[in-house]
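Open the model in your viewer and keep the selection panel at hand. The tour goes from domains to interface, then to the empty spaces.

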Amino acid sequence: MPDRAVHRILSARMPAPPPDARSLGARAVSVTACGDDGVILRVRPETGLPPVRAARFFMLRREDRLSPAIPRPFSLYRQDGPDLEFLIKVMGQGTRALAACTPGTALRLVGPLGNGWPALEGGGPPWVMLAGGIGSAPFYLGIEQALRGMDGRAPARREDLVLLYGAARRGLLYDLAAFQRLGVRVEACTDDGSLGFRGNVLQLLASLWDSGALPREVRLLACGPERMLEATEALARARGLDCWLSLESVMGCGVGICNGCPVPTRPDGPLGAWPNAKCCVEGPVFATSAITLAGAHAG
Ligand SMILES: Cc1cc2nc3c(=O)[nH]c(=O)nc-3n(C[C@H](O)[C@H](O)[C@H](O)COP(=O)(O)OP(=O)(O)OC[C@H]3O[C@@H](n4cnc5c(N)ncnc54)[C@H](O)[C@@H]3O)c2cc1C
Ligand code: FES
């Protein structure tokens, strides 16, 4: 291996979990059905948390045996005083157990983990958020924080925030009305045309560009199925747009130990000292200048 490559590897910082992460007991406050197969789980941790940056996540499980031993990762959906809310699509054993909580069910949370969205400050091209199905979860808090201004950054103007929210059908556009109440521009689309534009979020974006309803220069944020994120990365690269992806990789530990969440880096990017980044500690949000999903489904 050339000396320079060895030096880059040795001098690279080992990724570690964030210093504010901790293990917290919590109680379920409520579970509300949402869409065809989702719930909003409201929990109250034993200790109140300071404001958590949008797109950071928690590892979550019930304390009883209904949950699998390995907790599951969920983006923070909303933070309301002492309570945290998670928007959860029921997929398998872990999410079924969480959806079956009743008020008072004991839970264990590890977090907040990961990095979160970049500061969505005002000024500059509009922020266009692409949400695919349950991938909408990290955007609610993102929009709230952008409108408020966070970390001393200028608040974004409502007209600079656009959410393109897509799903296979209307019942999988979770909590759409709550997003609409945030007062930013929300455009919905469905594959089957049951609500809004017929097509996916990238086709909707193309149609808004073609009709002049959106400027060509935008900053993209995306969260959703992997194929949607791959297509978003390709689009951003082809058009030279700034773009960040929040990845929902399958995770084991969530804190950088198990090597279960590798994301290929770009050798010429800021994480290029290592062939892979850990989604749980260096993500889940990555700039497309740092990683590449291209080829994830090759063959
Ligand atoms: C950082 C991060 C944030 C997330 N935020 C949310 C969120 O806000 N809301 C939400 O509902 N989900 C979110 N997820 C996904 C969520 O963690 C998984 O759906 C959950 O772990 C499934 O657990 P389970 O035990 O119910 O399903 P399992 O029994 O583990 O799996 C059931 C089925 O789902 C598939 N599956 C499992 N995990 C994923 C995944 N990550 N992507 C695609 N398919 C998967 C499995 O392959 C299997 O086919 C997030 C994931 C990450 C990494
Ligand atoms: S989930 Fe274990 S290292 Fe990322």
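Domain bounds here come from an automatic or database domain assignment. On that basis the chain splits into domain 1 (23-112) and domain 2 (127-287). Keep in mind that this is a predicted model.

**Stop 1: the two domains**

Select residues 23-112 and give them one colour, then select 127-287 and give them another. Between the C-alpha centres of domain 1 and domain 2 the distance is 22 Å.

**Stop 2: where they meet**

Now show the contacts. Domain 1 puts 24 residues in contact with 26 residues of domain 2. The size of an interface is often given as the accessible area lost when the parts come together. For domain 1 and domain 2, about 2,000 Å² is buried. Carbon and sulfur atoms give 63% of that area.

Select Phe57, Tyr77 and Leu87 in domain 1. These three lose the most area to domain 2, together 25% of what the domain 1 side buries.

How many salt bridges are counted between domain 1 and domain 2? The count is two.

Next, show the side chains of Asp36 and Arg169. They form a salt bridge, and their closest N and O atoms are 2.8 Å apart.

**Stop 3: the largest pocket**

Rolling a probe the size of a water molecule over the atoms shows where empty space is left. The largest pocket holds about 1,300 Å³ of space. To find its centre, select Met91, Ile134, Gly224, Glu248 and Ser249, the closest of the 48 lining residues.

Then colour the elements that give two or more residues to this lining:

- strands E4 (72-75), E6 (83-89), E9 (161-167) and E14 (262-264)
- helices H2 (93-99), H5 (201-210) and H6 (226-239)

Where does the largest pocket lie relative to domain 1 and domain 2? Both domains give residues to the lining, so the pocket lies between them.

Colour the lining by class. Of its residues, 29 are nonpolar, 14 polar and five charged.

**Stop 4: the cavity**

Last, look for enclosed space. A search of the whole structure turns up one cavity of 30 Å³ or more. The largest cavity has a volume of about 120 Å³. Select Pro118, Ala119, Leu120, Gln145 and Met150, which lie nearest the cavity's centre among its 14 lining residues. By class, that lining has eight nonpolar, three polar and three charged residues.

Methods: Residues are numbered from 1 along each chain as its sequence is written. Chains are lettered from A and ligands numbered from 1 in the order in which they are written. This is a predicted model: local features need pLDDT of at least 70, side-chain atom pairs count only at pLDDT 80 or more; totals for chains, interfaces and linings use all residues. Side-chain values use heavy atoms; hydrogens and water are left out. On a 1 Å grid over the protein atoms alone, a cavity is a set of points where a 1.4 Å probe fits but cannot get out, and a pocket is an open set with protein on both sides within 12 Å along at least five of seven lines; lining residues have an atom within 4 Å of a point. Grid points are joined across faces, edges and corners, and a volume is the space filled by probe spheres set on the points. Ala, Val, Leu, Ile, Met, Phe, Trp, Tyr, Cys and Pro count as nonpolar, Asp, Glu, Lys and Arg as charged, and the others, Gly among them, as polar. Helices (H or I, at least four residues) and strands (E, at least two) are DSSP runs, numbered from the N terminus. Contact means heavy atoms within 4.5 Å. Buried area is the accessible area (1.4 Å probe) that two parts lose on being put together, summed over both. A salt bridge is a side-chain nitrogen of Lys or Arg within 4 Å of a carboxyl oxygen of Asp or Glu.
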